[in-house]
Amino acid sequence: MSTVLYPGSFDPFHLGHLDVVAQAAELFGNVVVAVMHNPDKPSGAFPTAERVKVAQDACAHIQGVTVEAFPGLAVDAARKVGALCIVKGLRTPADFEVEQQMAHTNFAVAAVRTVYVPSDPALSFISSRYIRDIAANGGDISSMVSPATLASIVAAFSPRS
Ligand code: PNS
């Protein structure tokens with residue numbers, strides 16, 4: 001049984017992410033879902049605390065999973081939780097291009113390894129970006145997010161009075 005770190009921006013956490021967490025929990029035992037900042041992505045719809053809550057609600061039924069926000073570098077978060085490695089999901093060859101560069105960089109600067117798990121092909125079309133887009137325009141996102149999180153994600157886009 002090992003601990004692994006699954007870092008991401010999770011803005012918001014969706015069924016594709018959940019599949020990666022489930023695979024990682026099965027393979028390694030303990031998964032720390034690390035809600036982090038991606039400098040390449042503008043700050044999205046969800047504040048960090050909400051991203052953590054949505055990921056917690058989605059993962060509540062999987063044993064060995066904790067969700068936490070971390071500032072700074074993924075490698076520092078990995079060290080802090082005593083992770084054996086970082087885990088990332090791969091949906092497409094485009095994901096691989098980006099992830100491989102991050103994996104090499106994280107190994108070069110801190111000797112932290114990355115293990116990839118392939119996305120469930122039935123879920124590999126899902127992206128947080130389109131979930132935000134569809135939810136913001138009142139569309140139906142229920143096929144892309146966990147039922148446990150649907151209401152909070154929809155509410156985040158409702159006009160607040
Ligand atoms: O879900 P994302 O947006 O693809 O996740 C990217 C994320 C947050 C994992 C990446 O941007 C990251 O690791 N951010 C923390 C800062 C860091 O470690 N930067 C160096 C990357 S080599």
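1. Which polar backbone atom lies 2.9 Å from an oxygen atom of the ligand? In this predicted model, that polar backbone atom belongs to Ala74. Two side chains also offer an N or O atom to a ligand oxygen: that of Ser9 at 2.6 Å and that of Asn38 at 2.8 Å.

2. Of the ligand's surface, 550 Å² is exposed when the ligand is taken alone, and the protein buries 81% of that area.

3. The shell around the ligand comprises 14 residues, and the closest are Ser9, His37, Asn38, Lys41 and Ala74. By character, the shell holds five nonpolar, seven polar and two charged residues.

4. As to secondary structure, β1 (2-8) and α4 (93-110) are the elements that give two or more residues to this shell. The largest share, three residues, comes from α4.

5. The ligand occupies the largest pocket, which holds about 1,300 Å³ of space. This pocket is lined by 43 residues, and those closest to its centre are Ser9, Asn38, Lys41, Glu99 and Met102.

6. The lining of the largest pocket draws at least two residues from each of β1, α1 (15-28), α3 (74-80), β4 (85-90), α4 and α5 (128-136). Here α4 gives the most, with eight residues. The lining divides into 16 nonpolar, 17 polar and 10 charged residues.

7. Some names recur across these points. Ser9, Asn38 and Lys41 are among the residues closest to the ligand and also among those closest to the centre of the largest pocket. Helix α4 gives the largest share of the ligand shell and the most residues to the pocket lining.

Note on methods: Residues are numbered from 1 along each chain as its sequence is written. This is a predicted model: local features need pLDDT of at least 70, side-chain atom pairs count only at pLDDT 80 or more; totals for chains, interfaces and linings use all residues. Side-chain values use heavy atoms; hydrogens and water are left out. A residue is near a molecule or strand if one of its heavy atoms lies within 4 Å of it. A polar contact is a pair of N or O atoms within 3.5 Å; within protein, one must be able to donate a hydrogen and the other to accept it, and residues adjacent in sequence count only if both atoms are side-chain atoms. Accessible areas come from the Shrake-Rupley method with a 1.4 Å probe; for residues, only the protein chains shown count as cover. On a 1 Å grid over the protein atoms alone, a cavity is a set of points where a 1.4 Å probe fits but cannot get out, and a pocket is an open set with protein on both sides within 12 Å along at least five of seven lines; lining residues have an atom within 4 Å of a point. A molecule sits in a cavity or pocket if more than half of its atoms lie within 2 Å of its grid points. Helices (H or I, at least four residues) and strands (E, at least two) are DSSP runs, numbered from the N terminus. Ala, Val, Leu, Ile, Met, Phe, Trp, Tyr, Cys and Pro count as nonpolar, Asp, Glu, Lys and Arg as charged, and the others, Gly among them, as polar. Grid points are joined across faces, edges and corners, and a volume is the space filled by probe spheres set on the points.
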